[in-house]
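Work through the exercises below with the model open beside you. Try each task before reading its solution.

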Amino acid sequence: MLTKKLNNGVEMPMLGFGTYQVTDPEECKNSVLTAIRAGYRLIDTAVAYGNEDAVGAGIKAALDEGIVKREDLFITTKMWFRAYETEDCRNAMEESLRKLGLDYIDMVLLHWPFGNVYAAWRVLEEYYEAGKIRAIGVSNMEADRLIDLITFNKVKPALNQIETHLYCQRLAEKVWLQKYDVAHQAYAPLGQGRANEMFSEAAVKEIAAKYGKTPAQVLLRFLIQSDVAVIPKSVHEERIKENIDIFDFELAADEMDTLKKLDKASPMIGRPEEPDKVEFAMTW
Ligand code: NAD
């Protein structure tokens with residue numbers, strides 16, 4: 001598995017398995033196990049997904065099967081902004097460790113930049129310094145807030161997980177992430193509900209046919225070659241396998257350029273700077 005060295009030296013797999021909306025416990029456990037059997041080593045969950053215990057059960061099943069050792073895995077979870085006050089965040093961290101069945105978590109992110117971000121960040125720093133988290137980061141954070149967070153805290157975020165796909169490539173944001181050495185991880189790398197629209201792009205289909213790959217594989221490969229880590233989600237075994245089978249071909253420079261031109265810079269979900277989005281988020 002291709003990895004990326006984070007700004008604190010920790011190696012993170014460039015491809016992982018997303019679990020958003022996988023709420024049925026049995027289905028969640030089985031898809032995590034299927035993903036690990038298929039070679040995924042990074043699993044992405046969150047307090048808000050309500051599935052940390054099922055993800056933990058999938059991890060336990062994989063460990064019991066002997067396919068992996070704990071240190072082979074890279075588990076990410078995210079704190080929810082309603083629990084960003086210091087004691088709430090400490091309690092949430094303990095809950096996450098318990099539900100996942102782990103004595104340390106590889107990556108913990110602040111899910112959204114709302115509420116008491118500073119208090120929550122300092123709790124993550126506390127757990128990081130105590131060795132209970134290997135790397136800490138943020139999600140859905142615009143560059144302006146990120147620079148502020150970096151300036152006034154001890155530990156620099158290792159990663160920003162933001163909506164990124166063919167139609168929302170985040171080229172402007174990437175400049176800032178690179179400047180501050182914060183890794184870029186794509187959520188919704190297949191566009192969540194917009195997958196079919198992207199799969200139908202003529203250029204995507206043409207490149208896929210050339211390499212004998214599927215449009216989904218081309219889109220994931222495109223992000224990885226752009227130095228963007230990806231965490232596609234599926235509960236179907238064939239797709240889980242398909243989405244990791246992207247390390248035996250390489251897009252040419254002109255193909256990368258063609259795909260780059262399809263950017264619409266239009267996020268569907270990740271718009272934390274827009275008042276209507278923030279207002280809506282306050283109802284969550
Ligand atoms: P995604 O882009 O991974 O798309 C998932 C959908 O694409 C699936 O439901 C399926 O319908 C389709 N799909 C998957 N593989 C396919 C294939 N090979 N062929 C055809 N269709 C395929 O969307 P996502 O689940 O929203 O994002 C991935 C992960 O990112 C999530 O599961 C979650 O872990 C994380 N995420 C984080 C945030 C955040 O705020 N930090 C927000 C959304 C998602």
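**Exercise 1. Determine the handedness with which α1 passes α10, and describe the packing.**

Solution. α1 passes α10 in a right-handed crossing. Handedness is defined by turn: a crossing is left-handed if the near helix is turned anticlockwise from the far one by less than a right angle, and right-handed if clockwise.

Some ground rules come next. This is a predicted model, where local features need pLDDT of at least 70 and side-chain atom pairs count only at pLDDT 80 or more, while totals for chains, interfaces and linings use all residues. Residues are numbered from 1 along each chain as its sequence is written, and side-chain values use heavy atoms, with hydrogens and water left out. Helices (H or I, at least four residues) and strands (E, at least two) are DSSP runs, numbered from the N terminus.

Step 1: geometry. Two packed helices are described by the angle between their axes and the distance between the axes. The axes of α1 and helix α10 (residues 237-244) come within 10 Å and cross at roughly 40°. Axes here are lines fitted to C-alpha atoms, for helices over the stretch in contact, with angles from 0 to 180 degrees between N-to-C directions.

Step 2: class. The crossing angle makes α1 oblique to α10. Angles under 35 degrees count as roughly parallel, over 145 as roughly antiparallel, 65 to 115 as roughly perpendicular and the rest as oblique.

Step 3: contacts (heavy atoms within 4.5 Å). From α1, the residues S31, T34, A35 and A38 meet E237, I240, K241 and I244 of α10.

**Exercise 2. Describe how α2 packs against α1 and against α3.**

Solution. Step 1: α1 with α2. Their axes come within 7 Å and cross at roughly 40°. α1 and α2 are therefore oblique to each other. α1 passes α2 in a right-handed crossing. On the α1 side, the contact residues include P25, C28 and V32. On the α2 side, they include A54, G58 and A62.

Step 2: α2 with α3. Helix α2 (residues 52-65) and α3 pack at an angle of about 40°, with axes 7 Å apart. That makes α2 oblique to α3. E52, D53, V55 and G56 in α2 meet S96, K99 and L100 in α3.

Step 3: zoom in on K99. K99 lies in helix α3 (residues 86-100). Its relative accessible area is 33%, so K99 is partly exposed. The scale: buried means under 20% relative accessible area, exposed over 50%, partly exposed in between (1.4 Å probe, protein chains only). Leaving out residues up to four places away in sequence, K99 touches E52, D53 and G56. K99 and E52 are 47 residues apart in sequence, yet 5.6 Å apart in space, C-alpha to C-alpha.

**Exercise 3. Count the aromatic pairs and analyse two of them.**

Solution. Step 1: count. A search of the whole structure finds ten aromatic pairs. Rings of Phe, Tyr and Trp (its six-membered ring) pair if their centres lie within 6.5 Å; planes under 30 degrees apart count as stacked, over 60 as edge-to-face and the rest as tilted.

Step 2: F17 and Y40. This pair is edge-to-face, at 5.5 Å centre to centre and 75° between the planes. F17 sits in strand β3 (residues 16-18) and Y40 in the loop between α1 (25-38) and β4 (42-44), 23 residues apart. Both F17 and Y40 are buried.

Step 3: W112 and W284. This pair is edge-to-face too, at 5.4 Å centre to centre with 65° between the planes. W112 lies in the loop between β6 (105-110) and α4 (117-129), and W284 in the segment after α12 (275-281), so the pair ties together parts 172 residues apart in sequence. W112 is buried at 5% relative accessible area, whereas W284 is partly exposed at 31%.

Step 4: the cluster. Ring pairs link W80, F81, W112, F114, F280 and W284.

**Exercise 4. Find where N140 lies and what is notable about its phi.**

Solution. Step 1: location. N140 is in the loop between β7 (133-139) and α5 (143-151).

Step 2: backbone. Most residues other than glycine have a negative phi. Phi of N140 is near 55°, a positive value.

Step 3: exposure. N140 has 3% relative accessibility, so N140 counts as buried.
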